[in-house]
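Please look over the sequence and the structure shown here before reading on. The briefing is meant to be read beside them.

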Amino acid sequence: MNLLQRCLLSSLLLCVTASEDFDWTKNEKTSFYYGTFPTGFSWGAGSSAYQTEGAWNIDGKGMSIWDAFARKKGKIFLNDTGDSSCEGYYKFKDDINLMKDMKLNHYRFSISWPRILPTGLKSEQINERGIKYYDDLINMLLDNKITPIVTLYHWDLPQVLQEKYGGWQNITMVNYFNDFANLCFDRFGNRVKYWITFNNPWSIAVEGYETGEHAPGLKLKGTGAYKAAHHIIKAHAKVWHTYDMQWRSRQKGLVGISLTADWGEPVDITNQRDIEAAERYIQFYMGWFATPIFNGDYPQVMKDYIGRKSGQQGLGASRLPVFSPQEKSYIKGTCDFLGLGHFTTRYVTLKNYPSSLGDSYFADRDLAELVDPQWPDPGSEWLYSVPWGFRRLLNFVKTQYGNPMIYVTENGVSEKMLCTDLCDDWRMQYFKDYINEMLKAMKDGVNVKGYTAWSLLDNFEWDEGYSERFGLYYVDFRNKNKPRYPKASVQFYKRIISSNGFPNQREVESWKRKSIETCSSSNQLLAAARRQSQGNQEHAGMQKSWPVHDEV
Ligand code: NOJ
């Protein structure tokens, strides 16, 4: 989020009362719905390679753009890196035991492209030791009856491809990514049946190539994000076709994409300009990717706005690239299921950005984002708990994209690093309310097949380093063994899973209390371990041998 947006969020006054009398979720916004999910509904937790694996230069792994970016001073909070992170590369067996204990049905993780193709190119070198790591992980998951849901690209492009070609600015990535995906289908596809091509392409495009907050850190305002997205959409479609033509009949799996989006609610639902602004918010977010993939082209409103603004800026053509008719039909329908990541909601109102302010993705939208100061905001500064927004987003997907099969691939809430309290009451509340809204959406007819809590473990939260913890399990990053401690939400989520939903009021109301019963002893264990590790450090006269940022 840029400075301008932050100022807008904090300085604009809100008028939220009007939305209270709005639409089909009326009277149910705050009411709880008791009921269970359909049999076979899949419960899981998620992670990604760079955020959890560590072992950044082990067993022949090549460097990714995140390895390079995190090494630059000032890019990551406290200049932390994912070099060792949760040491998931070494501890995956322990982690699968945690999943087993929670009785998860699936685990969502990503494959690090440079771990198996160190230079990015299949034609140059395949790293068999990297392949073996994922083989072992997949096999052990299956031995424990946990279905792997595998993301091919969770942001860690091989650094060589960035240096040589400019990464996703370059169309050649389409073929390189397709080669990498094809290798994964070849080696893992006999066991992996759920593939996600890209995780949250909005973030790759906007934060990687427009604001530069994420790797590769480019600030190509007004053009970079659109170009990156254009190539990503083509790469997604190509990989889907590769699977469809070469592997589907043998492997019988599914290929989807995971899109992350906030819900955008008009500030004043009686004001047409606010309604249209909220529509633009969501079309520039999820529609940017979903509309080409499901309906064959960019949303009309993006074409109109970016085209008009490009004209006003004296450009001969729109900054939004164009798909040819052949490309449109090639891209349309390339999604067997939609992965959906969702965390929060915004109120949206019209705000005109004069072209004199310069080009940018944000200015192109002509809107301002607002939040209700009463929304709970436990962790990350952008993340407010607004459960009803989830149901609306799910219904939006249903109506806009022909009721696709949905797997919720990310949903969860963080806490600040200073918080070492494992009794995470607010996270239990967040899960309870968001999962309940998902249940209501399913009652509305939305086709949700599974839910993935983000995340299994506290991990490297990108430019925020280790300062924001999303995990069900707390990871003590100061201890080089990276021990995991269950937060109360582990117990709570376990109860949701074992009941397959929310059976009845009496039972559900006892869950929080019961979950809290165990966390005070975990708190004591953690506190004792931290005292001891501090003592050891002082005793050995050690300087900073692993991150000590929890104390800042
Ligand atoms: C979405 C990203 O995919 C994930 O990597 C990140 O940790 C969460 N958002 C929380 O910010």
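What follows is a short lead on the model and then notes grouped by topic.

This is a predicted model. Eight of its strands close into a barrel with parallel pairing, in the order S2-S3-S4-S5-S6-S8-S11-S13, and neighbouring strands of this sheet are turned against each other by 25 degrees on average, direction ignored. The structure holds 29 salt bridges, and some of them are described below together with a buried lysine, a kinked helix and several backbone features.

**Barrel and the helices packed on it**

- Strand S6 (residues 254–260) and strand S8 (residues 338–341) run parallel and are joined by four bridges, and in this pairing Ser258 has Gly339 of S8 as its bridge partner.
- Helix H11 (residues 272–295) packs on the sheet, where it touches S6 and S8, and its direction makes about 155 degrees with that of S6.
- Helix H6 (residues 128–143) also packs on the sheet, touching strand S3 (106–110) and strand S4 (147–153), with a direction at about 170 degrees to that of S3.

**Helix H10 and the residue that follows**

- Helix H10 (residues 224–251) has a kink of about 50 degrees centred on Met245, and the helix is mostly covered, with 21 of its 28 residues buried.
- Just after H10, Lys252 takes a positive phi of about 55 degrees although this residue is not a glycine; Lys252 is placed in the loop between H10 and S6 and counts as exposed, at 63% relative accessibility.

**Salt bridges between separate parts of the chain**

- Lys494 forms a salt bridge with Asp101, in which the closest N and O atoms are 3.1 Å apart; this pair links distant parts of the chain, since Lys494 is in helix H17 (residues 488–499) and Asp101 in helix H4 (residues 88–102), 393 residues apart.
- Both partners of that bridge have some accessible area: Lys494 counts as partly exposed at 24% relative accessibility, and Asp101 counts as partly exposed at 39%.
- Arg187 forms a salt bridge with Glu128, with the closest N and O atoms 2.9 Å apart; because Arg187 lies in helix H8 (residues 172–188) and Glu128 in helix H6, the pair ties together parts that are 59 residues apart in sequence.
- Arg187 is partly exposed, with a relative accessible area of 26%, and Glu128 likewise counts as partly exposed, at 42%.
- Asp458 forms a salt bridge with Lys487, the closest N and O atoms being 2.8 Å apart; Asp458 lies in the loop between strand S13 (448–453) and strand S14 (468–469) and Lys487 in the loop between strand S16 (484–486) and H17, so this pair ties together parts that are 29 residues apart in sequence.
- Asp458 is buried with a relative accessible area of 0%, and Lys487 counts as buried at 1%; salt bridges that share partners join these two residues with Glu415, Asp424, Arg427 and Arg469 into one network.

**A buried lysine without a salt bridge**

- Lys432, placed in helix H16 (residues 425–443), is buried yet has no salt bridge, and the nearest side chain of opposite charge, that of Asp433, is 5.3 Å away; a salt bridge would need a nitrogen within 4 Å of a carboxyl oxygen.
- Leaving aside neighbours within four places in sequence, Lys432 is in contact with Phe32, Phe492, Phe502 and Val508.

**Backbone features in loops**

- A cis peptide bond with an omega of about 5 degrees joins Ala215 and Pro216, and Pro216 is placed in the loop between helix H9 (201–209) and H10.
- A cis peptide bond also joins Trp454 and Ser455, with omega about 5 degrees, and Ser455 is found in the loop between S13 and S14.
- Asn200 has a positive phi of about 45 degrees although it is not a glycine; Asn200 lies in the loop between strand S5 (194–199) and H9 and is buried, with a relative accessible area of 9%.

**The surroundings of Trp56**

- Trp56 lies in the loop between helix H2 (49–52) and helix H3 (65–71) and is partly exposed, with a relative accessible area of 22%.
- Not counting residues up to four places away in sequence, Trp56 touches Lys61, Gly62, Met63, Asp67, Arg71 and Asp83.

Methods. Residues numbered from 1 in each chain as written. Predicted model: local features only at pLDDT ≥ 70, side-chain atom pairs only at ≥ 80, totals over all residues. Heavy atoms only, no water. Helix = DSSP H or I, 4+ residues; strand = E, 2+ residues; numbered from the N terminus. Buried < 20%, exposed > 50% of the residue type's maximum accessible area, 1.4 Å probe, protein only. Lys, Arg positive; Asp, Glu negative; His and termini not counted. Contact = heavy atoms within 4.5 Å. Pairing = 2+ DSSP bridges. Axes fitted to C-alpha atoms, helices over the stretch in contact; angles between N-to-C directions. Bend = angle between axes of the 7 residues up to and from the residue.
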